[in-house]
Amino acid sequence: MKFGLMSYDYTTNIGNEVQSIAARRFLPKIDYYIEHEKLERFDEGSDVKMIMNAWYLDCDKAWPPSENIDPLLISMHFTTRTDARRDAVLTDESKEFFQKHGPVGCRDHHTVNFLNENGIDAFYTGCLTLTLDSGAKKIDSDEHEYIVLSVDNPNEILPFLKQKTDTEIYVIYQDLIPSFKKAYPKTMPKSIYTLSSFYNHEEKFFMAENLLRIYENAKCVITDRMHCALPSLALKTPVLMINNDVMRERFDGISELLHEATFEDYSKNYSKIFDINNPPENPKDYLKIRKDLIKRCEKFTGCVNDSCYTDISYKELLDKNSLILSRNAFETRKYIKDIVKNYRKDLFDLKNTKRKYDNQKEAVERLNKKVKDQQNAIDELNRKIADHEKTIKQMESSNSWKITKPIRKLKNRK
């Protein structure tokens with residue numbers, strides 16, 4: 001029997017690798033790493049068992065998956081924010097896939113409702129990251145206490161927290177620095193290129209593991225990221241979810257498992273909601289969901305490992321960190337150079353465009369002047385014509401014109 005694990009070569013958000021680490025706990029081995037946005041292309045094996053949790057989908061062309069994949073559809077979220085992505089899930093081919101491998105276990109109630117409303121059998125399972133467990137591989141930190149802040153915009157929250165505690169606060173980001181290397185050369189639009197990571201999947205899984213270690217050993221975690229909040233909950237670290245109202249459909253059925261508040265409410269009711277010096281225990285409602293997820297995954301693969309972490313020696317840890325740091329330094333320099341190079345090119349193109357615009361503007365102004373001169377000439381002719389017509393009318397109304405009228409008629413006859 002062969003087993004596959006989802007990889008994410010196309011993106012820099014290692015929250016995706018955290019999702020796969022949760023699935024990895026239930027695999028006896030990994031025969032294939034299957035790229036999330038190339039699911040439809042997989043042809044290296046047949047009946048490859050893979051736990052298909054997490055987000056779907058960024059590339060509508062990647063759905064439905066290859067027939068060579070034998071999936072467990074669990075903890076899935078389907079975005080409905082664009083017509084192309086929504087329509088890809090509702091094609092006849094996609095519905096046949098769901099009918100063959102369903103029912104669909106969904107991470108949130110929004111996805112359950114979306115699928116059921118479109119004739120696809122679905123039910124709520126919660127997120128697979130709730131099954132994360134360090135087990136016997138737990139490493140207790142000997143360092144001083146620290147608090148983790150992982151939010152998209154820490155500039156407002158960080159000063160507030162610093163006023164409340166002397167404990168060191170680490171600001172953690174799940175997104176890595178991207179480079180201009182193309183994971184999909186000539187096949188994806190230019191705007192997607194900046195999502196391509198210069199790390200391979202092995203390095204990204206390693207960094208995701210270390211990120212989980214950081215969450216696990218923190219005194220508490222403040223976050224607005226789902227893949228920080230739920231792992232912290234599973235690893236028994238007190239966590240507060242900051243509700244920022246961004247893509248809230250993803251949290252339907254998830255946020256109620258956590259301590260949650262908007263930053264405005266938190267700042268007004270700090271001690272009642274979540275005191276970072278004496279953080280409250282997490283709610284326990286997730287444990288039933290966790291137990292059910294473990295049962296379903298173990299039944300599918302026949303395996304459940306005691307820990308979500310891999311075995312790695314201290315020497316390997318140093319070697320990997322050194323490699324990643326050196327690659328990071330090199331690639332970051334290259335990244336900055338490419339940024340500057342592209343900026344200069346864009347600036348050059350902008351100057352050329354402005355020069356062309358200025359030239360066209362001058363040409364238009366010259367034409368407008370000619371039109372204005374011609375209009376003035378026409379106005380002058382019209383004025384002269386009006387004067388002549390006025391003179392003629394004055395002549396025709398004079399007595400001399402009337403007296404000489406018979407003479408003019410006689411002359412005209414001759």
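**View 1. An aromatic cluster built from Y56, W63, F78, F97 and F98.**
Five named rings, Y56, W63, F78, F97 and F98, belong to one aromatic cluster in this predicted model. Rings of Phe, Tyr and Trp (its six-membered ring) pair if their centres lie within 6.5 Å; planes under 30 degrees apart count as stacked, over 60 as edge-to-face and the rest as tilted. By this rule the count comes to 14 aromatic pairs. In F78 and F98 the ring centres are 5.7 Å apart and the planes stand at 85 degrees, so this pair is edge-to-face. F78 belongs to strand β4 (residues 69-78) and F98 to helix α3 (residues 92-101), so the pair ties together parts 20 residues apart in sequence. Helices (H or I, at least four residues) and strands (E, at least two) are DSSP runs, numbered from the N terminus. How accessible is F78, buried or exposed? F78 is buried, at 0% relative accessible area. F98 is also buried, at 4%. Here buried means under 20% relative accessible area, exposed over 50%, and partly exposed in between (1.4 Å probe, protein chains only).

Residues are numbered from 1 along each chain as its sequence is written. In this predicted model, local features need pLDDT of at least 70 and side-chain atom pairs count only at pLDDT 80 or more, while totals for chains, interfaces and linings use all residues; side-chain values use heavy atoms, with hydrogens and water left out.

**View 2. F160 and F263 form an edge-to-face pair.**
The two ring centres of F160 and F263 are 5.5 Å apart, with 90 degrees between the planes. This pair links distant parts of the chain. F160 lies in helix α5 (residues 157-162). F263 lies in helix α9 (residues 263-268), and the two residues are 103 residues apart. Both F160 and F263 are buried.

**View 3. Lysine ends sit over the rings of F300 and Y270.**
A charge sits over a ring if NZ of Lys or CZ of Arg is within 6 Å of the ring centre and within 35 degrees of the ring normal. K49 places its charged end over F300, 4.0 Å from the ring centre. K164 does so over Y270, at 4.8 Å from the ring centre.

**View 4. A cis peptide bond joins Y56 and L57.**
Omega for this bond is about -5 degrees. L57 sits in the loop between β3 (48-56) and β4. Y56 is also one of the residues in the aromatic cluster of View 1.

**View 5. A cis peptide bond runs from G102 to P103.**
Its omega is near 5 degrees. P103 sits in the loop between α3 and β5 (104-106).

**View 6. S75 and K236 have positive phi without being glycine.**
S75 has a phi of about 55 degrees. This residue is found in strand β4. S75 is buried, at 0% relative accessibility. For K236, phi is about 70 degrees. K236 lies in the loop between α8 (226-234) and β10 (239-242). Is K236 buried or exposed? K236 is exposed, with a relative accessible area of 68%.

**View 7. C127 lies in a loop and is buried.**
The loop that holds C127 runs between β6 (122-124) and β7 (146-150). Relative accessibility of C127 is 1%. Which residues does C127 touch, leaving out residues up to four places away in sequence? They are Q19, S75, R107, L230 and L293. Contact means heavy atoms within 4.5 Å. C127 and D108 are 19 residues apart in sequence, and their C-alpha atoms are 7.8 Å apart in space.

**View 8. C297 and C303 are buried cysteines.**
C297 has 0% relative accessibility. C303 has 12%. A disulfide is a pair of cysteine sulfur atoms within 2.5 Å. The count of disulfides by this rule is zero.

**View 9. The whole protein chain has 14 helices and 11 strands.**
Buried residues make up 43% of its 414 residues. Among contacts with a separation of 6 or more, 67% come from residues 24 or more positions apart. The chain exposes about 23400 Å², and carbon and sulfur atoms supply 51% of that area. Accessible areas come from the Shrake-Rupley method with a 1.4 Å probe; for residues, only the protein chains shown count as cover.
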